[in-house]
Amino acid sequence: MELTLALAIGVLTGSGVWLLLRPRTFQVIMGLSLISYAVNLFIFSMGRLGLATGKEPVLQAGVPQDLAHYTDPMPQALVLTAIVIGFAMTALFLVVLLASRGLAGTDHVDSAEPPEGDGPDDEGLAP
């Protein structure tokens with residue numbers, strides 16, 4: 001399970017960094033989202049290594065109220081808050097993207113289209 005979780009975090013982080021380096025604004029926003037998902041998974045997985053595994057994070061009657069019988073609820077609260085903030089951030093970035101595309105006429109990060117024949121799909125051939 002740990003290997004699967006570590007691979008998932010690594011793939012999300014690697015894909016997010018790759019998308020951050022792309023020239024289009026939408027790809028940069030998706031890269032930020034993937035990195036935030038990777039961080040959320042990392043925080044949530046580190047919360048498993050806390051006080052007790054397989055226990056509830058809330059107090060119950062009849063169970064001693066010491067730290068050995070409860071899971072730390074802080075990682076769960078942090079991830080839930082990060083999901084809400086990440087969703088709001090993505091929505092704001094998409095609105096800014098649409099406004100920037102409307103003003104500049106392109107969605108490139110530097111607002112400049114690459115010259116003809118320099119694209120990754122072109123082979124340098126003139127039309």
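**Exercise 1.** Determine whether threonine 90 is buried or exposed, and identify its surroundings.

*Solution.*
Step 1. Threonine 90 has a relative accessible area of 16%, so it is buried (under 20% relative accessible area, where exposed is over 50% and partly exposed lies in between; 1.4 Å probe, protein chains only). The model is predicted: local features need pLDDT of at least 70, side-chain atom pairs count only at pLDDT 80 or more, and totals for chains, interfaces and linings use all residues. Residues are numbered from 1 along each chain as its sequence is written, and side-chain values use heavy atoms, with hydrogens and water left out.

Step 2. Threonine 90 is located in helix H3, residues 74-104. Helices are DSSP runs of H or I with at least four residues, numbered from the N terminus.

Step 3. Apart from neighbours within four places in sequence, threonine 90 is in contact (heavy atoms within 4.5 Å) with Ile29 and Ser33.

Step 4. The side chains of threonine 90 and serine 33 form a polar contact at 3.3 Å. A polar contact is a pair of N or O atoms within 3.5 Å; within protein, one must be able to donate a hydrogen and the other to accept it, and residues adjacent in sequence count only if both atoms are side-chain atoms. A polar atom of the threonine 90 side chain also lies 2.8 Å from the backbone oxygen of glycine 86.

**Exercise 2.** Identify which residues are linked in a network of salt bridges, and describe the pairs.

*Solution.*
Step 1. The structure holds two salt bridges, each defined as a side-chain nitrogen of Lys or Arg within 4 Å of a carboxyl oxygen of Asp or Glu.

Step 2. Arginine 24 and aspartate 107 form a salt bridge at 2.6 Å, N to O. This pair links distant parts of the chain, 83 residues apart: arginine 24 is in the loop between H1 and H2, and aspartate 107 is in the segment after H3.

Step 3. Arginine 101 and aspartate 107 form a salt bridge at 3.7 Å, N to O.

Step 4. The network therefore comprises Arg24, Arg101 and Asp107.

Step 5. Aspartate 107 is buried, because its relative accessible area is 14%. Arginine 24, at 30%, is partly exposed, and arginine 101 is partly exposed at 43%.

**Exercise 3.** State which residues the UniProt annotation "transmembrane region" covers, and describe the helix content of residues 28-47.

*Solution.*
Step 1. According to the unreviewed UniProt entry, the annotation covers residues 6-21, 28-47 and 77-99; such annotations may be inferred rather than shown by experiment.

Step 2. Residues 28-47 are 100% helix and 0% strand, with end C-alpha atoms 29 Å apart.

Conventions. Helix = DSSP H or I, 4+ residues; strand = E, 2+ residues; numbered from the N terminus.
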